[in-house]
Amino acid sequence: MVECERLENLPTILEILPDAPKIFLGLYSLSLACALISIILYRFHYLKLLKQPPTKRRDLYVNVIRTGPVYCVCGFLALVFPRACDLFRLLSDLYEAWALYQFGLLLINYIAGQNEHDYRAAREKCSNALQKLPPARFFRVPPFGIFFLCGPLSAPRSFDGKMVRLVTRLLIQFLYIGPAIGILRLWYDLQCIEPFFEGAALVLSFIRIVSILLAVWGLLIIYM
């Protein structure tokens, strides 16, 4: 109930501005400027991309570069409407998971060597291209490479189809876990219910951090 009361008692921006210190007004103005600049830059790159032929790679690139304005706009709206800050945090979390997955697909599309519209075909060509590379210690890249300094997975290995499927699953898991945790946290806040146990919010945050680190690990495995 404390969380619910906290959200209900948060003042609106119209209540804050009359008595707000000048530094707060500067921060609000800076946040608005960042949101507008991010939208302008996104629009500039988007219009340039529209001049290119419509391809799967172009669509993936647009989804990735949209991350900046989504984050900036959600951050500014959270300042303007503090009572809905958890909702805007959820929206940014949802798009973060989507953009990270799209970035992984973009890497696979580039490695495939052709602008494939079919994801399975691109993944197959990506696997064929990576198999031509010399064996390497792919699992030893950060952030989880410290756990593979020794043992069978630390030995050099080729980047075969199993590795491509592993990287894909590392990306997909955050596409589901990230939004699920965000929705659960918002549900706690809006329904004003007590968590299952003390420290549940900390556990959820830990699971989300591990999930996003696994996704980044998958991207670094491809990058290596």
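**Figure 1. Leu-171 and its surroundings in helix 8.** In this predicted model, Leu-171 belongs to helix 8. Leu-171 counts as buried because its relative accessible area is 3%, which falls under the 20% cut-off. Which residues does Leu-171 touch once its neighbours within four places in sequence are set aside? Its contacts are then Leu-100, Tyr-101, Gly-104, Ala-215 and Leu-219. Leu-214 is worth locating in this view too: its C-alpha atom is separated from that of Leu-171 by 7.6 Å, although the two residues are 43 apart along the chain.

**Figure 2. The whole chain, for orientation.** Let's step back before the next close-up. The chain holds 9 helices and 0 strands, so if you read along the sequence under the run-based numbering of these elements, you meet the pattern α-α-α-α-α-α-α-α-α. Of its 224 residues, 39% count as buried. How much surface does the chain expose? The figure is about 13,500 Å², with carbon and sulfur atoms supplying 69% of that area. Among contacts with a separation of 6 or more, 69% are between residues 24 or more positions apart.

**Figure 3. Helix 3 from end to end.** Helix 3 covers residues 22–50, a run of 29 residues. From its first C-alpha to its last it reaches 42 Å, close to the 42 Å expected at 1.5 Å a residue. Which residues of helix 3 are buried? They are Tyr-28, Ser-31, Ala-35, Ser-38, Tyr-42 and Leu-49. A reminder helps when looking at such a list: an α-helix has 3.6 residues a turn, so residues three or four places apart point the same way.

**Figure 4. A salt bridge within helix 6.** Here the view settles on Asp-86, which lies in helix 6 (residues 85–112). The side chains of Asp-86 and Arg-89 form a salt bridge, at 3.4 Å from N to O. The two side chains also make a polar contact, again listed at 3.4 Å. How far apart in sequence are the partners? Both sit in helix 6, 3 residues apart, which is about one turn of the helix. Are the two partners buried or exposed? Asp-86 is buried because its relative accessibility is 9%, whereas Arg-89 counts as partly exposed because its value is 33%.

**Figure 5. Asp-93 and Arg-208, a salt bridge between helices 6 and 9.** The side chains of Asp-93 and Arg-208 meet in a salt bridge with an N to O distance of 3.2 Å. Because Asp-93 lies in helix 6 and Arg-208 in helix 9, this pair ties together parts that are 115 residues apart in sequence. Both ends of the bridge are worth checking for burial. Asp-93 is buried, with a relative accessible area of 7%, and Arg-208 is buried too, at 13%.

**Figure 6. Glu-96 joins the picture.** What else does Arg-208 pair with? Arg-208 forms a salt bridge with Glu-96, and the closest N and O atoms are 2.3 Å apart. This pair also links distant parts of the chain, with Arg-208 in helix 9 and Glu-96 in helix 6, 112 residues apart. Glu-96 counts as buried because its relative accessibility is 17%. Taken together, Asp-93, Glu-96 and Arg-208 are linked in a network of salt bridges. How many salt bridges are counted in this model? The count comes to 3.

**Figure 7. A nonpolar patch on the surface.** For the last close-up, we turn to the outside of the chain. Tyr-176, Ile-177, Val-203, Phe-206 and Ile-207 make a nonpolar surface patch of about 480 Å². The elements that give two or more residues to this patch are helix 8 (161–191) and helix 9 (200–223). Which element gives the most? Helix 9 does, with 3 residues. Ile-177 is found in helix 8, and it counts as partly exposed because its relative accessibility is 30%. Helix 8 is also where Leu-171 of the opening view lies, so one can put the two residues side by side: Leu-171 is buried at 3%, while Ile-177 is partly exposed at 30%.

Conventions. Residues numbered from 1 in each chain as written. Predicted model: local features only at pLDDT ≥ 70, side-chain atom pairs only at ≥ 80, totals over all residues. Heavy atoms only, no water. Patch = residues over 30% accessible without salt bridge, like charges linked within 9 Å, V, L, I, M, F, W, Y side chains within 5 Å. Areas by Shrake-Rupley, 256 points an atom, 1.4 Å probe, with all protein chains shown as cover. Salt bridge = Lys/Arg side-chain N within 4 Å of Asp/Glu carboxyl O. Helix = DSSP H or I, 4+ residues; strand = E, 2+ residues; numbered from the N terminus. Buried < 20%, exposed > 50% of the residue type's maximum accessible area, 1.4 Å probe, protein only. Contact = heavy atoms within 4.5 Å. Polar contact = N/O pair within 3.5 Å; in protein donor to acceptor, adjacent residues only side chain to side chain. Expected span 1.5 Å × (residues − 1).
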